[in-house]
Every structure is written in structure tokens, then in C-alpha cells.
Amino acid sequence: MSTRRGRKSGDAQATDVTPALGKTIQRLRKAYNMSLGELSEHSGVAKSIISQIERNETNPTIGTVYRLSRALDTTIDEVLKHDDDPNFVEVQGKSGVPILESQDGLCRLAIAGPLNLVEQLQWYDFQARPGGALESDPHPAGTVEHLYLLKGELEVTCDGETRLIKTGESVRFRGDRPHRLFNPGTDYAHATMVLVLRQMGSESN
């Protein structure tokens, strides 16, 4: 049973109502694709009480939260945990996204990934006009580049070996070797690139 006001001893002690509790119960229930009735059947808590908990209209007892947490395959600590972290960690305006250009001025790289992770992970939006080329020196040993072509075509050259990539195709290549992206087509090319820097140390010659 649940109680809206007051406290009782033992298993019937009521918890404090917090928006996070109802949201957590609802999120877990939907993650398991469970209806209110199904959660009620598995937990032994009345369907109406679960609905009130999810709407933050009642103070559930510790016993009620315990039964719900078991039915949702989690712990009571996780259910009662306060999560004050914001949903959106960072929002960058258009003017706040760094843009790099190639030497020929025909290619641009928008740094879409977080700058505080550039030593582990780099994420770029890449665009190249016809004839545009981007030459890159080797990145740290173990780096792998992942490129997915959204539009057009690109010649990807890694350490002298070239592959032609077309719209909808992806390629992964060694970023710790000299590499080049070139647009041989008549339309602009657009790709997304992720660099995973493994930082495995220098390769032996």
C-alpha cells in the first residue's frame, strides 16, 4: 500500500516524492515494453498506485519501491537515485563550431566533436568542391579513420593506395599513415568522418 501523507515504521516508511522517481519508474517500464497492468502483475503493486507514482501524486513506501525495482530488474538504490545532471551537456551555435579549410580552399572541415576529447576521438563534417583535395599528415600510431560518404564521390588515398568511394559507402583506413581525400567528380562531396586515436605508441620501423 502507499500513503500520501505521514510516515510509518518498518516496511511502510514513506519516501519523499521527487520528479526523478516517477520518471525513473516510467522510463524503466517503457524500456521493458511493459504496460501498467503488466508491471502491476509482476510487482504486486496496484496499477492505480503505479500510475500515481509515475505522475508524482503519491509518496510510495520503501516496500512499494522495492517491489517495483525487483519487477524492473534493478536495485532500489538505482530507482531512488537523484540525477541532477542536465539532459543537454552542451549546445554550440553555428558561429561556435570551428571550421578548417584545405590549402586549396576547396575543402572544409567542421569540427563537430567535443574539443575536450580530441586526443581520443575526433569527429568532422567534411565537404569538398570538385577538384578539392585534403592532404593529411599521419596521426598518432594506432589511429583509424572512419568515413561515411553522404553525397558525391571521393578518392581516398592511404599510404599510396587509392580507393574510390561513392554515395552511401563507408571506408575505414589507417590514419597513422599519410592520407589524402580528393573529389574527382563534378558535384560537391559531403562526408562525415570519425577519427579514433588509440594512442598505442609509436610503431617500430
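**Exercises on a predicted model: two cores and a helix**

In this predicted model, the largest nonpolar core has 21 residues, and those that touch the most other members are Phe126, Leu147, Leu149, Leu154, Leu181 and Met193.

**Exercise 1.** Determine which strands each supply at least two residues of this core, and which element gives the largest share.

*Solution.* Begin with the strands that meet the threshold of at least two residues each, namely strand 2 (107–111), strand 3 (121–128), strand 5 (144–151), strand 6 (153–158), strand 8 (170–174) and strand 10 (189–196). Then look for the largest contribution, which is that of strand 10, with 4 residues.

**Exercise 2.** Find which residues Phe126 touches, leaving aside those up to four places away in sequence.

*Solution.* Taking contact as heavy atoms within 4.5 Å, list the partners of Phe126: Cys107, Arg108, Leu109, Leu134, Leu154, Leu181, Ala189, His190, Ala191 and Met193. Next, compare this list with the core members named at the outset, among which Leu154, Leu181 and Met193 appear. Finally, turn to the second core, which is separate, has 14 residues and includes Met34, Ile49, Ile50 and Val65.

**Exercise 3.** Identify which residues of helix 4 are buried, and describe the phi of the residue that follows the helix.

*Solution.* Apply the cut-off for burial, under 20% relative accessible area; within helix 4 (residues 62–71), Gly63, Thr64, Val65, Leu68 and Ser69 are buried. Of these, Val65 is also a member of the second core. Moving past the helix, one reaches Asp73, whose phi is positive, near 60 degrees.

Technical notes
Residues are numbered from 1 along each chain as its sequence is written. This is a predicted model: local features need pLDDT of at least 70, side-chain atom pairs count only at pLDDT 80 or more; totals for chains, interfaces and linings use all residues. Side-chain values use heavy atoms; hydrogens and water are left out. Buried means under 20% relative accessible area, exposed over 50%, partly exposed in between (1.4 Å probe, protein chains only). A nonpolar core is a set of buried Ala, Val, Leu, Ile, Met, Phe, Trp, Tyr and Cys residues joined through side-chain atoms within 4.5 Å.
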